[in-house]
Amino acid sequence: MVMDHSTHCPGLYCGRIRINGTWDECGACPRGYRAAANSVCLPCKDVPTFYDWFYLGFMALLLLVLEWYIIDQTMKRRNFTKDVLSLHICALIENALSAFSTLLLSEPRASLDIHACKVKRLSDWYTMLHNPTPNYEKTLRCTQEAVYPLYSMVFIHYSLALLSMLVIRPLVVKKIAGGRGKRSIYFTMYLIPVLVVLQATCGGLLYYSFPYIVIILTFISVAAHLAFRLDQSMSSLFLTSIKDLRNLVILIGHWLLHAYGIIAITQLTNPVLHGSLLALVPFPTVFYILTSKFTDPSKLHPD
């Protein structure tokens with residue numbers, strides 16, 4: 001049945017396109033299109049918002065940070081040795097190449113700019129849950145990427161990251177890292193499918209909550225990192241944090257991620273006020289060090 005232009009399609013995401021001068025039946029819009037208020041499928045030509053870019057950056061950083069953690073745990077080195085650094089740099093190059101390639105593959109092709117459809121509500125990420133059933137008869141299938149390309153870009157990036165890892169990292173492991181480096185490849189091959197499932201099922205939830213997740217996890221992670229120090233005295237925690245290169249890099253990494261979360265929440269709409277909040281980034285670390293003498297288990301004596 002060919003629909004008239006004035007006929008509104010049922011549901012939130014059903015639309016129609018014009019084919020050979022006539023309007024097609026209501027259904028899912030093609031990829032890169034989204035149904036407007038009049039149910040006409042319009043191409044996604046919006047510019048991604050500041051927050052959209054930070055979401056894409058978070059999903060890319062999530063993979064990179066977890067890869068670095070895997071490398072750190074599998075190599076079991078207390079210092080930045082040549083083999084550890086080589087794997088960390090290799091993971092960074094792999095993710096940078098995949099992110100760059102993902103941007104080039106997105107519309108418009110061969111450009112670092114992307115065209116997008118604005119995110120309006122949480123349901124935009126889960127259109128498959130909103131297929132209408134007119135008159136309680138046949139379900140109208142209108143599942144589509146209403147948040148194009150925020151949903152699919154993450155899958156493309158993870159796929160290219162996996163491919164680049166399988167091409168580049170074995171060469172680095174063979175020449176520099178040795179046998180332990182192979183385990184980082186195996187664990188990452190399990191990690192990426194888990195992140196794909198996470199994006200597929202929780203992409204919308206992550207979109208709205210990732211800044212708060214980043215801030216909470218950096219709080220917990222920096223406390224755990226400092227808690228594993230054998231000497232919990234204030235002077236030891238301070239000195240080992242600035243003199244040990246590995247500890248210093250880890251702390252700076254936590255501060256950068258914490259700042260990332262603050263910027264994503266505030267979006268720097270008030271640069272002076274929100275920029276001043278970045279001065280609070282080292283606060284969790286400083287607070288832990290200053291209060292360590294009150295929480296040191298060695299100083300707790302049973303009555």
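**Figure 1. Leu 277 in helix α7 of the predicted model.** Is Leu 277 buried or exposed, or something in between? Its relative accessibility is 30%, so Leu 277 counts as partly exposed. The residue lies in helix α7. Setting aside neighbours within four places in sequence, Leu 277 is in contact with Ile 262 and Thr 266. Now look at Ala 259. Leu 277 and Ala 259 are 18 residues apart along the chain, and their C-alpha atoms are separated by 8.7 Å.

**Figure 2. Helix α6 and what covers it.** Helix α6 covers residues 245-266. It has 22 residues. From the first C-alpha to the last, α6 reaches 32 Å, close to the 32 Å expected at 1.5 Å a residue. Which residues of α6 are buried? They are Arg 246, Asn 247, Leu 251, His 254, His 258, Ala 259, Tyr 260, Gly 261, Ile 262, Ile 263, Ala 264 and Thr 266. The cover over these buried residues includes α1, α4, α5, α7 and α8. In this list, α7 is residues 271-277 and α8 is residues 283-295.

**Figure 3. The crossing of α5 and α6.** Helix α5 spans residues 234-243. Its axis comes within 5 Å of the axis of α6, and the two cross at roughly 90°. That crossing makes α5 roughly perpendicular to α6. Which residues meet here? From α5 come Thr 240, Ser 241, Ile 242 and Lys 243. From α6 come Leu 245, Asn 247, Leu 248 and Leu 251. Sorted by class, this contact has four nonpolar, three polar and one charged residues.

**Figure 4. The loop between α6 and α7.** Two residues stand out here by their backbone angles. Gln 267 has a phi near 55°, a positive value in a residue other than glycine. Leu 268 also is not a glycine, and its phi is positive too, at about 50°. What is the usual pattern? Most residues other than glycine have a negative phi. Both places are in the loop between α6 and α7: Gln 267 is there, and Leu 268 is there. With a relative accessible area of 34%, Gln 267 is partly exposed. Leu 268 is partly exposed as well, with 33%.

**Figure 5. Helix α1 and the residue after it.** Helix α1 runs over residues 50-75. How far should its 26 residues span? At 1.5 Å a residue, the expected span is 38 Å. The end C-alpha atoms of α1 are 37 Å apart, which agrees. Lys 76 follows α1 and has a positive phi, near 55°.

**Figure 6. The largest nonpolar core.** This core has 29 residues. Which of them have the most contacts inside it? They are Tyr 55, Trp 125 and Phe 210. Helices α1, α3 (150-177), α4 (180-227) and α6 each supply at least two residues of the core. The largest share comes from α1, with eight residues. A second, separate core has eleven residues, including Met 75, Val 84, Ala 91 and Val 173.

**Figure 7. The surroundings of Tyr 55.** What does Tyr 55 touch, apart from neighbours within four places in sequence? It is in contact with Trp 125, Leu 150, Val 154, Gln 199, Gly 203, Leu 206, Tyr 207 and Phe 210. Two of these partners, Trp 125 and Phe 210, are listed with Tyr 55 as having the most contacts inside the largest nonpolar core.

**Figure 8. Glu 94, a buried residue of helix α2.** Helix α2 covers residues 82-105, and Glu 94 lies in it. The relative accessibility of Glu 94 is 1%, so it counts as buried. Leaving out neighbours within four places in sequence, Glu 94 is in contact with Glu 67, Ser 164, Met 165, Ile 168 and Arg 169.

**Figure 9. Two cis peptide bonds.** Most peptide bonds are trans. Which bonds are cis in this view? One is the bond from Glu 107 to Pro 108, with omega near -5°. Another is the bond from Tyr 148 to Pro 149, again with omega near -5°. Pro 108 is in the loop between α2 and α3. Pro 149 is found in the loop between α2 and α3 too.

**Figure 10. Cys 202 in helix α4.** Cys 202 is found in α4. It counts as partly exposed because its relative accessibility is 25%. Cys 202 and Ser 241 are 39 residues apart in sequence. In space, they are 36 Å apart, C-alpha to C-alpha.

Definitions and conventions: Residues numbered from 1 in each chain as written. Predicted model: local features only at pLDDT ≥ 70, side-chain atom pairs only at ≥ 80, totals over all residues. Heavy atoms only, no water. Axes fitted to C-alpha atoms, helices over the stretch in contact; angles between N-to-C directions. Helix = DSSP H or I, 4+ residues; strand = E, 2+ residues; numbered from the N terminus. Parallel < 35°, antiparallel > 145°, perpendicular 65-115°, else oblique. Contact = heavy atoms within 4.5 Å. Nonpolar A, V, L, I, M, F, W, Y, C, P; charged D, E, K, R; others polar. Core = buried A, V, L, I, M, F, W, Y, C linked by side-chain atoms within 4.5 Å. Buried < 20%, exposed > 50% of the residue type's maximum accessible area, 1.4 Å probe, protein only. Expected span 1.5 Å × (residues − 1).
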